[in-house]
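Let's learn to read a protein model together, one feature at a time. Have the picture open while we talk.

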Amino acid sequence: MLKGFKNFLMRGDVIVIAVGLVTALAFSTLIKAFTDFVINPIVSRFQGGGSAGLGWQLGEKGNDATYLDVGQFISALIYFLIFMAVVYFLIVVPYKRSEARRGVTVFGEPLPVKTCPACLAEDLPEAASKCRYCATQQPPAGAPA
């Protein structure tokens, strides 16, 4: 039982995912600091005056619970976009290149699909000769349905 667990943990895919996750978490901390200390002050400055940020007070003045802070939402959106760009360019792209050298295609275009005329299943591979759901014979690839 422990040998099977060890074999599962030592598979290459699990190690790659673990390293990617740890790297993403480290970048998350850096990007969070960037948005908190660089982006947030810039967004808040657009409000002007002595306001607490870019937004509106919906209730009693000074009550943080009723302050609609659009600036924080904009900062979170910027954080998300920067974080996803970092993950893509520093984790996904190098991973795709390393797998391509091994002859494995990852994150490729989906294969073409067709619709079964009998049960209307829309996820049949283009080359399928029978429907996986209703077992209806399928027309050859490229023939009209």
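What follows is a chat between a learner and a teacher about this model.

Q: Before we start, what kind of model is this, and how are residues numbered?
A: It's a predicted model: local features need pLDDT of at least 70, side-chain atom pairs count only at pLDDT 80 or more, and totals for chains, interfaces and linings use all residues. Residues are numbered from 1 along each chain as its sequence is written, and side-chain values use heavy atoms, with hydrogens and water left out.

Q: Okay, how many helices and strands does the protein have?
A: Helices (H or I, at least four residues) and strands (E, at least two) are DSSP runs, numbered from the N terminus. Here you get 3 helices and 4 strands, and along the sequence they come in the pattern α-α-β-β-α-β-β.

Q: What share of the residues is buried?
A: Buried means under 20% relative accessible area, exposed means over 50%, and partly exposed is in between (1.4 Å probe, protein chains only). In this protein, 19% of the 145 residues count as buried.

Q: And what does the protein expose?
A: Accessible areas come from the Shrake-Rupley method with a 1.4 Å probe; for residues, only the protein chains shown count as cover. The protein exposes about 11000 Å², and carbon and sulfur atoms supply 68% of that.

Q: How many aromatic pairs are there?
A: Rings of Phe, Tyr and Trp (its six-membered ring) pair if their centres lie within 6.5 Å; planes under 30 degrees apart count as stacked, over 60 as edge-to-face and the rest as tilted. The whole structure holds 2 such pairs. One is Tyr79 with Phe83, stacked at 6.0 Å centre to centre with 10° between the planes. These two residues sit 4 apart in helix α3 (residues 70-101), so about one helical turn separates them. Both Tyr79 and Phe83 are buried. Then there's Tyr88 with Phe89, edge-to-face at 5.0 Å centre to centre with 80° between the planes. Tyr88 is partly exposed at 36% relative accessibility, while Phe89 is exposed at 55%.

Q: Let's try one residue: is Gln138 buried or exposed?
A: Gln138 is buried, with a relative accessible area of 9%. You'll find Gln138 in the segment after β4 (124-125).

Q: Which residues is Gln138 in contact with?
A: Contact means heavy atoms within 4.5 Å. Leaving aside neighbours within four places in sequence, the partners of Gln138 include Lys114, Cys116, Pro117, Leu124 and Cys131. Also, a polar atom of the Gln138 side chain lies 3.2 Å from the backbone oxygen of Thr136.

Technical notes:
A polar contact is a pair of N or O atoms within 3.5 Å; within protein, one must be able to donate a hydrogen and the other to accept it, and residues adjacent in sequence count only if both atoms are side-chain atoms.
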